Amino acid sequence: MIIDFHTHVFSPRIKKNRRQYVQADPSFALLYDQKNARLATADELVASMDKEGVDMAVIANIGWTTHELCIETNDYILESIARYPDRLIGFGAVQPQAGAAAIAEIERCAHAGIKGIGELRPDMQLLNLSDRQVMNPFIETLTKHRLILLIHASEPVGHYYTGKGNITPEVLYHFMVAFPEVITVCAHWGGGLPFYALMPEVKRALKNAYFDTAASPFLYHPQVYHQVIGLVGSDRVIFGSDWPLLTQKRLLDEINSLDLPPDVKARILAGNARRLLGMTAEGSTV
Ligand SMILES: [Zn+2]
């Protein structure tokens, strides 16, 4: 079984009116201003999954800056998981600074079956993760509904790329120390956070942290899989492609080319995701 934990889909309306949304939202503009930055619908994702042998995928939203755009785009995520209940798992977006309205939106999405919030972009959403007044109710609502937090991350060093941002290991570490109870999936290998697991206090702070492989071929040598597994364990690494930025095939080819024991590979490709998403081993939802 294969679960792609990190994909992004948008409604046909957004695909058709890209310029309008680029003008309306700096977070969307950062990622999709260029015409060659691919926008794809849930139907196109399912077609890719069928082609590449991917059983299920998390469809994540993005870090929209306004509450209204979170609601509009969450509607499409909810509609898509209702259409493909056996294939798609929804993650919704919120702007936590919208306060009570953001909490109400999490509640609405949780009741409609989403499993997480993300991909959060604190840098673009101008969200201070140590602002207790905003963060406490947000985190309480996530834990109340057992929602996973998917958060964008990037490396403090190395090449620049579109959408990189500055959610570095330092930012993530402080967040995890402050809110250790949240199941947090750090995108893009957590910007290198697992490498600091050699520090005992960082390792302790990572007790509910997971790392996805989204966009890995753009960022790291394939050796990153062995290194991170060695540092935090194979139960913390989750396959995600960042489709349609990269094809699912590209990530799967890379993982299949690695010399990984079959049980480790199975954990990365689906087992860890199933555990986090609350799918039972036998008689699951699949
Ligand atoms: Zn990302």
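**Exercise 1. Burial along β1 and β2.** β1 is mostly covered, with six of its six residues buried. Determine how many residues of β2 are buried and which of them lie on each side.

*Solution.* This is a predicted model, in which local features need pLDDT of at least 70 and side-chain atom pairs count only at pLDDT 80 or more, while totals for chains, interfaces and linings use all residues. Residues are numbered from 1 along each chain as its sequence is written.

Step 1. Fix the criterion: a residue is buried if 20 or more other C-beta atoms lie within 10 Å of its own, exposed if 12 or fewer, and partly exposed in between, with C-beta atoms placed from the backbone. Strands are DSSP runs of E with at least two residues, helices are runs of H or I with at least four, and both are numbered from the N terminus.

Step 2. Apply the criterion to β2: five of its five residues are buried.

Step 3. Split β2 by side: Met56, Val58 and Ala60 are on one side, Ala57 and Ile59 are on the other, and both faces are covered.

**Exercise 2. The sheet.** State the order of the eight strands and identify the edge strands.

*Solution.* Step 1. Strands of a sheet pair through backbone hydrogen bonds, either parallel or antiparallel. Here two strands pair if DSSP finds at least two bridges between them.

Step 2. The order is β1-β2-β3-β4-β5-β6-β7-β8, the sheet is open, and the pairing is parallel.

Step 3. The edge strands, each pairing on one side only, are β1 (3–8) and β8 (237–238).

**Exercise 3. Neighbours of β2.** Describe the pairing of β2 with β1 and with β3, then the helices associated with these strands.

*Solution.* Step 1. β1 and β2 pair in the parallel sense over four bridges. Histidine 8 stands opposite alanine 60 in β2.

Step 2. On the pairing with β3, strand β2 (residues 56–60) and strand β3 (residues 88–92) run in the parallel sense over three bridges. Valine 58 has isoleucine 89 in β3 as its bridge partner.

Step 3. Helix α4 (residues 42–52) packs on the sheet and touches β1, β2 and β3; the direction of α4 makes about 150° with that of β2. Axes are lines fitted to C-alpha atoms, for helices over the stretch in contact, and angles run from 0 to 180 degrees between N-to-C directions.

Step 4. β2, α5 and β3 make a right-handed β-α-β unit. A crossover is right-handed if, with the strands pointing away from the viewer, the path from the first strand over the helix to the second runs clockwise.

**Exercise 4. Packing of α5 and α6.** Give the angle and axis distance of the two helices, and list the contact residues.

*Solution.* Step 1. Helix α5 (residues 67–83) and helix α6 (residues 100–111) pack at an angle of about 0°, and their axes are 11 Å apart. The angle therefore makes α5 roughly parallel to α6; angles under 35 degrees count as roughly parallel, over 145 as roughly antiparallel, 65 to 115 as roughly perpendicular and the rest as oblique.

Step 2. Two residues are in contact if their C-beta atoms, placed from the backbone, lie within 7 Å. From α5, His67, Cys70, Ile71, Asn74 and Leu78 meet Ala101, Ala102, Glu105 and Cys109 of α6.

Step 3. The residues of this contact between α5 and α6 comprise six nonpolar, two polar and one charged. Ala, Val, Leu, Ile, Met, Phe, Trp, Tyr, Cys and Pro count as nonpolar, Asp, Glu, Lys and Arg as charged, and the others, Gly among them, as polar.

**Exercise 5. Strand β5.** Locate the bridge partners of β5 and the crossovers that lead into and out of β5.

*Solution.* Step 1. In strand β5 (residues 148–151), Ile148 and Leu150 point one way, Leu149 and Ile151 point the other way, and all are buried.

Step 2. Strand β4 (residues 116–120) pairs with β5 in the parallel sense over four bridges; isoleucine 117 has leucine 149 in β5 as its bridge partner. The chain goes from β4 through helix α7 (residues 132–144) to β5 in a right-handed β-α-β crossover.

Step 3. β5 and strand β6 (residues 184–186) pair in the parallel sense over three bridges, with isoleucine 151 opposite cysteine 186 in β6. The crossover from β5 to β6 passes through helix α8 (residues 169–178) and is right-handed.

**Exercise 6. Backbone exceptions.** Which peptide bond involving glutamate 119 is cis, and is tryptophan 189 buried or exposed?

*Solution.* Step 1. Most residues other than glycine have a negative phi, and most peptide bonds are trans.

Step 2. The bond joining glycine 118 and glutamate 119 is cis, with omega about 5°; glutamate 119 lies in strand β4.

Step 3. Tryptophan 189 is not a glycine but has a positive phi of about 60°. Tryptophan 189 lies in the loop between β6 and α9 (200–205) and is buried, because 26 other C-beta atoms lie within 10 Å.
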